[in-house]
Amino acid sequence: MISRYYSPTRVIFGKKAEEEVAKELKLEGAKSVLLHYGGSSAEKSGLLDKVRNLLKENDIKFVELGGVKPNPRLSLVREGIKLSKENCVNFILALGGGSVIDSAKAIGYGLYNEGDVWDFYTGERKPYGSTPIGVILTLSATGSELSDSSVITNEDGNLKRGCNSDFCRPRFALLNPELTYTVPKYQSEVGTVDIMMHTIERFFHSGEGIDFTDKIACTLIKEAMEAGLKVLNDPEDYDARASLMWASSLSHNGLMALGNDQRGDWACHQLEHELSGMFDIAHGAGLAIIFPAWASYVYKENPDRFSKMGSLVFGIKETGEEGALKTIEKFKECFRAFEMPLSMKEAGIELTDEQLEELLDKATFYGKRTLGAFKTLEREDMKRIYLLAK
């Protein structure tokens with residue numbers, strides 16, 4: 001088995017890291033920049049003005065596009081592509097969390113490649129490059145700042161799809177944990193679950209692996225969980241915020257799969273994408289709903305894999321099925337501590353039979369794919385997991 005690790009993003013980490021933005025843009029030859037961000041928080045925090053001033057002081061031209069929402073929308077991506085073409089943009093700077101970064105990546109694809117950008121997310125075409133992207137991170141969650149992944153929601157049909165390519169990996173990521181001090185409690189909670197799940201998904205592979213990577217992965221899960229709980233008690237705990245931010249980046253840049261079967265499982269993510277695409281819930285909350293249902297359904301495929309994680313993360317001594325079941329319960333307790341829903345009903349979702357069939361149609365790409373690697377899921381398996389999560 002061959003394992004590959006590629007992480008070309010330059011990371012500048014620490015207090016005032018965002019002040020390096022002009023220097024980094026000049027290194028990249030940025031002449032005309034698209035500043036891409038979300039709602040009013042970038043303005044209220046003063047970050048947007050700070051970046052504007054730094055770019056003006058260094059004679060770097062820029063245009064702006066705000067308005068990115070959670071589960072970023074294709075319509076705004078298309079608007080960003082049009083605006084960028086009109087202004088000869090040659091670099092995209094994302095100020096925000098995963099949704100902003102994913103939207104910036106999609107704009108980068110659309111700006112560089114001809115045709116409809118949505119084709120890259122449906123798999124009809126593959127991108128041949130991307131306009132370069134840089135990041136000033138304001139939310140620890142998705143790990144998009146170092147990843148090869150971008151997920152976009154098409155409002156036409158509420159389809160949530162991803163595109164993975166090394167072309168979209170950011171050229172630089174400026175990581176100042178202080179910029180996350182004002183993140184709302186709920187966003188810190190769902191973000192922590194998201195961080196944990198990126199490594200959990202990689203842990204449950206079906207091939208060969210190495211113990212060292214397993215130990216690194218489980219340490220990351222444990223540290224993210226503990227740092228997340230500290231942040232809830234003290235939002236300005238620099239060490240905890242820094243741990244969460246770095247865990248976010250490392251959880252999704254490929255390091256947690258090195259030496260293991262790199263495919264990982266990812267069924268929980270794919271099932272959740274359809275759930276949040278349909279009901280527009282936070283990704284971390286959706287994962288907290290899906291993971292316990294998935295785990296309860298598949299753990300007998302390899303109970304020892306579950307009990308190993310339980311031992312390394314929670315100190316569970318039991319092995320086999322007993323250890324696996326205790327591990328699942330511990331994760332449910334953890335998600336409860338982060339005030340996550342553990343069922344659709346708890347999230348206010350009353351799933352109808354028609355909606356269930358629509359979820360299954362979309363999750364299977366209308367009968368064209370299975371999900372998972374730890375256990376391969378057919379349509380009927382997915383249906384049972386959704387019903388367990390109901």
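What span should the 16 residues of helix α11 cover at 1.5 Å a residue, and how far apart are its end C-alpha atoms? In this predicted model, helix α11 takes in residues 283-298, and its expected span is 22 Å. The end C-alpha atoms lie 22 Å apart, so the two values agree. Helix α11 is also mostly covered, with 14 of its 16 residues buried.

**Helix α11 and the nonpolar cores**

The largest nonpolar core comprises 63 residues. Phe291, Trp294, Phe306 and Phe335 are the residues with the most contacts inside this core. Helix α11 gives the most to the core, contributing 10 residues. The contacts of Phe291, leaving aside residues up to four places away in sequence, are with Met197, Ile200, Phe204, Cys268, Phe331 and Phe335. Another core lies apart from the largest one and has 33 residues, including Val89, Ala94, Ile101 and Cys163.

**Helix α8**

Helix α8 spans residues 211-233 and has 23 residues. From its first C-alpha to its last, α8 reaches 34 Å, close to the 33 Å expected at 1.5 Å a residue. The buried residues of α8 are Thr213, Asp214, Ala217, Cys218, Leu220, Ile221, Ala224, Met225, Ala227, Gly228 and Val231. Among the elements that cover these buried residues are α7 (185-203), α9 (238-251), α12 (303-314) and α13 (320-337).

**Strand β6 and two asparagines with positive phi**

Ile152 is located in strand β6. With a relative accessible area of 0%, Ile152 falls under the 20% limit and therefore counts as buried. Beyond residues up to four places away in sequence, Ile152 touches Pro72, Arg73, Leu74, Val77, Asp102, Ser103, Ala106, Trp118, Tyr121, Leu159, Lys160 and Arg161. Ile2 is 150 residues from Ile152 along the chain, and the C-alpha atoms of these two residues are separated by 30 Å.

Two loop residues that are not glycine have positive phi values: Asn71, at about 55°, and Asn158, near 50°. Asn71 is placed in the loop between β3 (61-65) and α4 (74-86), whereas Asn158 belongs to the loop between β6 (149-154) and β7 (159-164). Is Asn71 buried or exposed? Its relative accessibility is 8%, so Asn71 counts as buried. Asn158, at 33% relative accessibility, counts as partly exposed because this value lies between the 20% and 50% limits.

**Pocket and cavity**

Rolling a probe the size of a water molecule over the atoms shows where empty space is left. The second largest pocket holds about 150 Å³ of space. It is lined by 14 residues, of which Tyr6, Asp166, Phe167, Arg169 and Arg171 are the closest to its centre. The structure also holds 1 cavity of 30 Å³ or more. Leu139, Ser140, Thr180, Val183, Ser188, Arg241 and Leu244 form the lining of the largest cavity. The table sets out the volume and lining of each space.

| Space | Volume | Nonpolar lining | Polar lining | Charged lining |
|---|---|---|---|---|
| Second largest pocket | about 150 Å³ | 5 residues | 4 residues | 5 residues |
| Largest cavity | about 30 Å³ | 3 residues | 3 residues | 1 residue |

Note on methods
Residues numbered from 1 in each chain as written. Predicted model: local features only at pLDDT ≥ 70, side-chain atom pairs only at ≥ 80, totals over all residues. Heavy atoms only, no water. Helix = DSSP H or I, 4+ residues; strand = E, 2+ residues; numbered from the N terminus. Expected span 1.5 Å × (residues − 1). Buried < 20%, exposed > 50% of the residue type's maximum accessible area, 1.4 Å probe, protein only. 1 Å grid on protein atoms, 1.4 Å probe; cavity = no way out; pocket = protein on both sides within 12 Å on 5 of 7 lines; lining within 4 Å. Points joined across faces, edges and corners; volume = space filled by probe spheres on them. Nonpolar A, V, L, I, M, F, W, Y, C, P; charged D, E, K, R; others polar. Core = buried A, V, L, I, M, F, W, Y, C linked by side-chain atoms within 4.5 Å. Contact = heavy atoms within 4.5 Å.
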